[in-house]
Each structure stands twice: as C-alpha cells, then as structure tokens.
Amino acid sequence: MNDWAIPDRRSPGTPPSRFRSGRGTASEADGFSRRSFLRGGAFLAGGTALMALGGCGAVARPQEQLSFWHLLTGSDGRTLTTMIDEFTAANTDVKVRQTILGWGSPYYTKLAMASAGGRAPDIAVMHSARVPGYAPGGLLDAWDADLLADLGVSAETVPELVWKKGLNGDRVLSVAMDTHPFVLYYDKTAASTAGVLDAGGLITGADSPEGFRDVALAMAEVTGGHGLAYGFLNDPSNMWRMFYTWYKQTGAEMSFPEGGTVQYDRDAAMTSLEWIVSLLDDEVASSSNDGGTAISEFATGRTGMFLGGVWEIGTFKENDIDLGMQVIPTVFDNPVAFCDSHSFVLPHQSSPDAWKREKSHEFVADLLKSSLQWAEAGHIPAYTPVLESPAYQELVPQRDYADAVDYVVYDPEAWFSGSGSDLHRHFGDAMQSVYMGSVKPADGLDAFVDRINTLMSRPSPV
C-alpha cells in the first residue's frame with residue numbers, strides 16, 4: 001500500500017462503506033450486509049443440514065471469480081496484472097480472471113456480442129470515447145454512484161471533464177482510471193542548447209504558428225535532422241489526433257447529430273490541415289514518416305521534439321535522452337489536450353449477481369487508488385488523490401503534463417467514433433495523401449466529410 005493511502009484502501013475522510021468488503025461482516029443498520037441478504041437464499045433451503053454438519057461455526061464461502069475483459073498488453077498489461085494481484089491478496093474471497101482480447105474493433109465487437117448474447121463479463125475496460133456508442137443500445141449497466149462514493153470515488157475525486165465523460169444523463173456508465181493525451185516530447189539538452197527551454201524546463205516561444213516553427217527549426221540546427229518527429233503513414237488514429245488537436249485549438253466544434261450530417265467549421269478545418277501540411281515539409285518534419293521511424297528519429301537524437309501519445313514514455317526512457325514532456329503548445333487560441341481514457345464499465349447482464357456487482361465496485365475503486373504505478377507508464381491518473389500526491393509529484397516528466405486534465409478533449413460522440421474507430425479509419429483514408437502533400441487539403445476534407453455522412457445515414461450496429 002502506498003504511504004499516502006489509508007487503511008481499507010479508502011481515501012482520507014471517506015466514510016465506511018455501506019457494504020462491507022467481502023469479509024462476512026454485518027451491516028450496522030440491520031445486522032446483515034446487503035450481500036448477505038441477497039445471496040443468503042442459496043443457503044436457507046439447506047440451512048438445517050448445514051447447521052447439523054457445521055455445528056455453530058460459520059459456513060465458509062468458496063472463493064468466487066470476477067470475469068474481467070480488457071485489451072491491455074505489453075507493459076500496461078503487466079502493470080495491470082500486478083495491480084490485480086495486489087487486490088486479490090487483500091481480498092482472498094475473490095479471484096479476478098482476466099481475458100485479454102485484440103486492440104480495436106475485434107475487442108469492441110466481441111464485447112458488444114457478449115453483452116447482447118447474455119455472456120457478458122462482470123467488468124470490462126473501454127476507451128471513454130467508445131462508451132457513447134454503446135449506451136443507446138443498452139449494452140452497459142450503470143455503476144452505483146452511492147456505492148462508489150462510499151468507496152471514495154465520486155465527482156469530487158476525479159477531474160471534472162473526465163468524470164463528466166463517464167456520465168449518460170445522470171447515470172455513471174464508465175469510471176476512468178486515466179487520461180492518455182497526445183503530447184509534446186522533447187530533448188531538454190537539445191532544447192537548452194537551442195535556447196528554447198524556460199527556467200521551469202518547458203519549451204517556450206512555441207505559442208503561435210510562427211513561434212512553433214521557429215522552435216522546431218532551432219532544434220533542427222542542434223540535432224542536424226528534422227526539428228520534429230511525427231509518424232502518420234498507415235496510422236489513421238495518429239493523423240486524427242494531430243488534426244483534431246489543432247482544430248479544437250481554434251475554438252471550433254464538430255458534431256455528428258443522429259440522422260443528420262457532419263456539423264463542423266470548414267474554415268477551422270482548413271486552417272488545421274494547411275498548418276499540418278506546412279509542418280510536414282521535410283524541413284520541420286518528414287512528409288513520409290510512419291510511427292516506428294518517428295520514434296527512432298527522436299530516440300536516437302536525430303530530432304529534438306516528438307508528437308505522440310503518453311504511452312511512448314517507456315520507449316524513450318530506455319534511451320539516453322534528457323526527456324521532457326508537456327501539453328502541446330497552444331499555437332492557436334485555446335489550450336487543448338486531445339485524449340482518451342481507459343475506463344471501467346459494467347457490460348449488461350440481465351440478472352447480475354449482487355455480490356459480484358459489489359465486488360466489482362470495490363475492485364475498480366481499489367485500482368484507482370493504486371494507480372500511481374499506472375502513472376509510471378505515462379498515463380495521467382484519473383483519481384485526484386493520486387494525481388495530487390507527493391509521490392506523483394516526484395514522477396518526472398509525468399508531472400509536467402498533468403495539467404492536461406484541465407483541457408481534455410475527446411472524440412465527437414457517435415457510434416463510429418473513439419480509439420481505433422471507423423472515424424479514425426475514414427479520416428486516415430481521406431487524409432494520408434493530404435499529409436504527404438499529393439492531394440489538396442480541401443479535396444481530402446470533402447472526401448472525409450462525405451464518408452462520415454454516409455456512416456451517419458446508417459443505423460448504429462449496436
């Protein structure tokens with residue numbers, strides 16, 4: 001347990017749970033916990049026989065399993081397994097059985113089919129931007145907000161914009177464990193030599209289109225390569241992250257009203273696309289980088305800056321880089337941190353087991369309170385007591401982009417949006433040649449809008 005946590009894995013000042021945490025203790029109100037009341041019926045029919053066999057001793061409850069689906073592999077998967085092991089060590093009456101499925105559409109398709117077919121797991125991970133597409137189809141059950149609050153998780157313990165993303169009306173449909181924004185990485189040594197590092201160790205002077213370009217070129221003078229590494233070839237999600245970051249910085253909105261057409265600001269979209277093309281000029285940044293090449297450029301010191309997701313932090317920490325990270329500079333008018341979140345959901349069950357549902361709440365609350373180790377992998381904890389803890393403030397460079405939680409922007413809501421979605425795929429199909437400079441931005445934008453309008457004319461498949 002971390003030294004800033006308190007006994008019973010609750011945050012400071014949190015009142016005791018209305019329902020005890022799986023140890024068979026009685027409710028203070030009526031002598032029985034809700035779990036005992038709801039699940040005790042299985043023992044009543046054979047109560048006389050059990051008493052005869054067991055004398056006056058209590059009947060031991062066999063260890064039960066919570067089924068947990070997620071799409072986290074690699075270092076994230078290993079970290080999550082460690083957190084799960086810690087939970088089960090403290091809760092010996094339950095075992096968490098993990099099922100790990102392929103990232104992207106295969107995972108979400110299987111999760112939807114399991115929920116619709118009555119074979120849903122007890123808990124699952126979803127990207128927050130994917131949740132709105134599942135809510136109308138009744139594929140998710142709501143969390144018990146009162147029970148979560150008793151366990152120390154509420155609107156008061158999660159950043160406002162992140163908590164609101166988990167709501168569907170007044171129902172809590174998802175509980176975020178993190179935010180993982182699109183950020184700016186940089187080599188502090190190169191930035192200092194280039195004269196673009198402020199006293200706090202952050203990039204300075206990049207708060208306008210001209211300033212950003214000047215900073216990149218100053219870094220290129222130091223490294224001898226490009227000023228900025230950015231990979232987009234065959235990576236539609238990364239193309240979308242770049243575009244939507246700059247688009248939202250202009251203050252423009254985008255929405256996909258059901259039964260309508262794409263609502264967007266064409267001038268802002270063109271401004272964003274023309275700005276991107278101006279960066280991918282083979283001077284500031286390559287016009288033909290894929291993700292691996294961009295990572296290699298930055299990791300080997302051939303560029304001084306890199307645009308990408310926070311999950312790349314482990315890769316760069318393994319290299320000899322004086323690593324800095326911060327929220328992407330506000331080149332236009334509004335600070336923006338494009339992101340998604342790993343969130344916990346309750347896939348729909350027609351007859352949920354009350355004991356497992358309570359344990360699911362305890363499990364999720366425990367993972368949020370233990371998320372300091374999750375932060376080490378780059379993710380920004382969604383649990384404020386962890387985010388504000390002295391231990392988190394010692395994490396460098398993680399602490400330097402934690403203010404992203406105040407500016408988070410998720411995908412526009414639609415059944416086809418979210419991480420690895422059709423929205424990203426169609427954007428990439430229309431825009432890859434634009435980014436490479438062989439198709440005009442206006443033509444690529446028209447192609448993208450036409451494809452999304454076609455999607456919007458179809459009913460949600462879930």
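This is a selection-by-selection tour of a predicted model. Residues are numbered from 1 along each chain as its sequence is written, and side-chain values use heavy atoms, with hydrogens and water left out. Because the model is predicted, local features need pLDDT of at least 70 and side-chain atom pairs count only at pLDDT 80 or more, while totals for chains, interfaces and linings use all residues.

**Stop 1: glutamine 326**

Select residues 323–327, which form strand S12 and include glutamine 326. Strands (E, at least two residues) and helices (H or I, at least four) are DSSP runs, numbered from the N terminus. Colour by accessibility: glutamine 326 has a relative accessible area of 8% and is therefore buried. The classes are buried under 20% relative accessible area, exposed over 50% and partly exposed in between, with a 1.4 Å probe and protein chains only.

Next add tyrosine 186, whose side chain makes a polar contact of 3.5 Å with that of glutamine 326. A polar contact is a pair of N or O atoms within 3.5 Å; within protein, one must be able to donate a hydrogen and the other to accept it, and residues adjacent in sequence count only if both atoms are side-chain atoms. Leaving aside neighbours within four places in sequence, the residues in contact (heavy atoms within 4.5 Å) with glutamine 326 include Val183, Leu184, Leu202, Ile203 and Asp400.

**Stop 2: arginine 399 to alanine 402**

From Asp400, step to arginine 399, which forms a salt bridge with aspartate 400, the closest N and O atoms being 3.9 Å apart. A salt bridge is a side-chain nitrogen of Lys or Arg within 4 Å of a carboxyl oxygen of Asp or Glu. Arginine 399 is partly exposed, at 38% relative accessible area.

Now select alanine 402, in the loop between helix H18 (390–393) and strand S16 (408–409). Alanine 402 has 11% relative accessibility, so this residue counts as buried. Ile380, Leu387 and Tyr392 are in contact with alanine 402 when neighbours within four places in sequence are left aside. Draw a C-alpha to C-alpha distance from alanine 402 to valine 327: they are 75 residues apart in sequence and 8.2 Å apart in space.

**Stop 3: two helical salt bridges**

The structure holds twelve salt bridges. Go to helix H15 (residues 354–369), where lysine 359 and glutamate 362 are three residues apart, which means about one helical turn between them. Their salt bridge has its closest N and O atoms 3.1 Å apart, and both lysine 359 and glutamate 362 are buried. Add Asp93 to the selection: salt bridges that share partners join Asp93, Lys359 and Glu362 into one network.

In helix H8, glutamate 160 and lysine 164 are four residues apart, again about one helical turn. The closest N and O atoms of their salt bridge are 2.9 Å apart. Glutamate 160 is exposed at 53% relative accessibility, whereas lysine 164 is partly exposed at 48%.

**Stop 4: the cavity**

Stay with helix H8 and select Val158, Val162, Trp163, Gly166, Ser174, Val175 and Ala176, which line the largest cavity. Helix H8 (160–165) and strand S7 (175–176) are the elements that give two or more residues to this lining. The volume is about 30 Å³. On a 1 Å grid over the protein atoms alone, a cavity is a set of points where a 1.4 Å probe fits but cannot get out, and lining residues have an atom within 4 Å of a point. The lining divides into five nonpolar, two polar and no charged residues, with Gly counted as polar.

Terms used. On a 1 Å grid over the protein atoms alone, a cavity is a set of points where a 1.4 Å probe fits but cannot get out, and a pocket is an open set with protein on both sides within 12 Å along at least five of seven lines; lining residues have an atom within 4 Å of a point. Grid points are joined across faces, edges and corners, and a volume is the space filled by probe spheres set on the points.
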